[in-house]
Amino acid sequence: MPQSTVDTAPTHKIRVWDLPLRIFHWALAVAVAGAVACAEIPGIPVEWHARFGYAVLALLIFRLAWGLVGGHWARFARLRPTPARLRAYFKGEGSPEDQVGHSPLGALATIALLTILALQVGSGLLADDEIAFVGPLNHLVSSAVGEAATEWHKELGKLLVFALVALHVAAVVYYLRVRKQNLLGPMVHGDKVLAHPARASRDDGILRLWGLVLAVLAAGAVGWLVLQGG
Ligand code: HEM
Ligand code: HEM
């Protein structure tokens with residue numbers, strides 16, 4: 001009698017994104033959306049826009065620290081979008097590691113998003129809209145630099161934030177629909193199911209507590225910085 005064939009390919013459930021990284025991501029999405037909504041919807045006082053912007057700054061400071069001490073796949077050492085790795089990835093010849101954390105393309109997108117958000121927050125801190133709001137660090141620079149920062153913030157910086165976020169969300173949908181790769185699930189529950197074994201990110205109580213301490217320190221640093229504006 002013929003044996004029924006069962007697909008016994010082994011699978012490995014790996015914790016890729018630790019809880020602090022996941023909370024960082026969704027808090028960042030909310031803070032950026034809040035900042036944009038408050039800037040674009042008429043009638044909302046600019047202070048609300050700035051508060052969401054300060055939250056983005058605290059999150060970026062947290063991410064900087066987390067890139068050094070966070071879970072394995074959240075570390076900057078794992079974000080290596082070198083031309084050789086990108087070429088191999090596009091030719092479908094990437095390493096198994098590309099499937100675990102950010103792919104080389106995902107790493108490039110991560111660096112681009114974090115950089116453009118840092119520039120947007122930085123230019124906001126230096127901005128002076130000459131109507132209702134002066135950024136807390138505006139007094140440290142000449143009026144020419146303040147004007148250039150304000151122009152960047154309201155023109156090119158704004159467009160780059162919109163374009164990169166739109167591209168980012170479109171890429172997640174493309175991977176899901178076309179490449180049948182669900183990147184969204186792991187950013188919610190933390191795990192990927194892989195065909196090969198891989199190192200897991202640490203995500204225990206101590207690491208999570210460490211994340212909380214760093215988040216509080218980042219928020220404190222931003223509070224101190226805002227007070228510098230008087
Ligand atoms: C990632 C965070 C941020 C994003 C995405 C963002 C985005 C924007 C956008 C879309 C505008 C409207 C530009 C226009 O259409 O005229 C704007 C205006 C402005 N932003 Fe931000 N911003 C951020 C952070 C900040 C921060 C931290 C500050 C200052 C503390 C700030 C200060 C301002 C000021 C002063 C304006 C001009 C408001 C006005 O015209 O009255 N922004 N920002
Ligand atoms: C303003 C909105 C958003 C911003 C600023 C943003 C920013 C980011 C950043 C910086 C990362 C890299 C995470 C890291 O630090 O390692 C990331 C990853 C990711 N984001 Fe977003 N995000 C936004 C909205 C969204 C939305 C709406 C979705 C869902 C459709 C999403 C899905 C993802 C996924 C799945 C990843 C992991 C990508 C990978 O596996 O390489 N993001 N996002």
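Ligand 2 is surrounded by 19 residues, and Ala29, Val32, Gly106, Thr110 and Leu183 are the closest. The model is predicted. The protein has eight helices and two strands. Ligand 1 has its own shell, made of 25 residues. The bullets below start with the ligands and then turn to the fold, the core, two helices and some single residues.

**Around ligand 2**

- Four helices each supply at least two residues of the shell around ligand 2: helix 1 (19–40), helix 4, helix 6 and helix 7 (184–189).
- Helix 1 gives the most to this shell, with five residues.
- By type, the shell around ligand 2 divides into 13 nonpolar residues, five polar and one charged.

**Around ligand 1**

- The closest residues to ligand 1 are Ala39, Ala50, Gly53, Gly124 and Asp129.
- Helix 1, helix 2 (46–69), helix 4, helix 5 and helix 6 each supply at least two residues of the shell around ligand 1.
- Helix 2 gives the most here, with six residues.
- The shell around ligand 1 divides into 16 nonpolar residues, six polar and three charged.

**Overall fold**

- Along the sequence, the pattern reads β-α-α-α-α-α-α-α-β-α.
- The C-alpha trace spans about 85 × 35 × 35 Å along its principal axes.
- The protein has 230 residues, and 25% of them count as buried.
- Take the contacts between residues at least 6 apart in sequence: 70% of them join residues at least 24 apart.

**The largest nonpolar core**

- The largest nonpolar core has 32 residues.
- Val56, Leu57, Ala58, Leu59, Leu60, Phe62 and Ala218 have the most contacts inside this core.
- Helix 1, helix 2, helix 4 and helix 8 each supply at least two of its residues.
- The largest share of this core, 11 residues, comes from helix 2.
- Leucine 60 touches Leu114, Leu117, Ala118 and Val121, leaving aside residues up to four places away in sequence.

**Helix 5**

- Helix 5 covers residues 143–154, which makes 12 residues.
- At 1.5 Å a residue, helix 5 should span 16 Å, and its end C-alpha atoms are indeed 16 Å apart.
- Its buried residues are Gly146, Ala149, Thr150 and His153.
- Seen down the axis of helix 5, these buried residues fall within an arc of 100°, so they line one face of the helix.
- They pack against helix 4 (104–126) and helix 6 (156–177).

**Helix 8**

- Helix 8 has 23 residues, 205–227.
- From first C-alpha to last, helix 8 reaches 33 Å, close to the 33 Å expected at 1.5 Å a residue.
- Gly211, Leu214, Ala215, Ala218 and Val222 are the buried residues of helix 8.
- Helix 1 and helix 2 are among the elements that cover them.
- Ala218 also appears among the core residues with the most contacts.

**Glycine 101, a buried loop residue**

- Glycine 101 lies in the loop between helix 3 (83–90) and helix 4.
- Glycine 101 counts as buried because it has 24 C-beta neighbours inside 10 Å, and 20 or more are needed.
- Beyond neighbours within four places in sequence, glycine 101 is in contact with Val16, Trp73 and Arg78.
- Arginine 78 is 23 residues away along the chain, yet the C-alpha atoms of glycine 101 and arginine 78 are separated by 7.7 Å.

**Exposed residues**

- Valine 173 is found in helix 6.
- Valine 173 is exposed because it has 11 other C-beta atoms within 10 Å, and 12 or fewer make a residue exposed.
- The C-alpha atoms of valine 173 and arginine 63 are separated by 24 Å, with their positions 110 residues apart along the chain.
- Glutamate 130 sits in the loop between helix 4 and helix 5.
- With 10 C-beta neighbours inside 10 Å, glutamate 130 counts as exposed.
- Phi of glutamate 130 is near 60°, a positive value in a residue other than glycine.
- Lysine 180 lies in the loop between helix 6 and helix 7.
- Lysine 180 has 7 C-beta neighbours inside 10 Å, so it counts as exposed.
- Lysine 180 is not a glycine, but its phi is positive, at about 50°.

How values were computed:
Residues numbered from 1 in each chain as written. Chains lettered and ligands numbered in written order. Predicted model: local features only at pLDDT ≥ 70, side-chain atom pairs only at ≥ 80, totals over all residues. Expected span 1.5 Å × (residues − 1). Arc of directions from axis to C-beta. Contact = placed C-beta atoms within 7 Å. Near = placed C-beta within 6 Å. Nonpolar A, V, L, I, M, F, W, Y, C, P; charged D, E, K, R; others polar. Core = buried A, V, L, I, M, F, W, Y, C linked by C-beta atoms within 7 Å.
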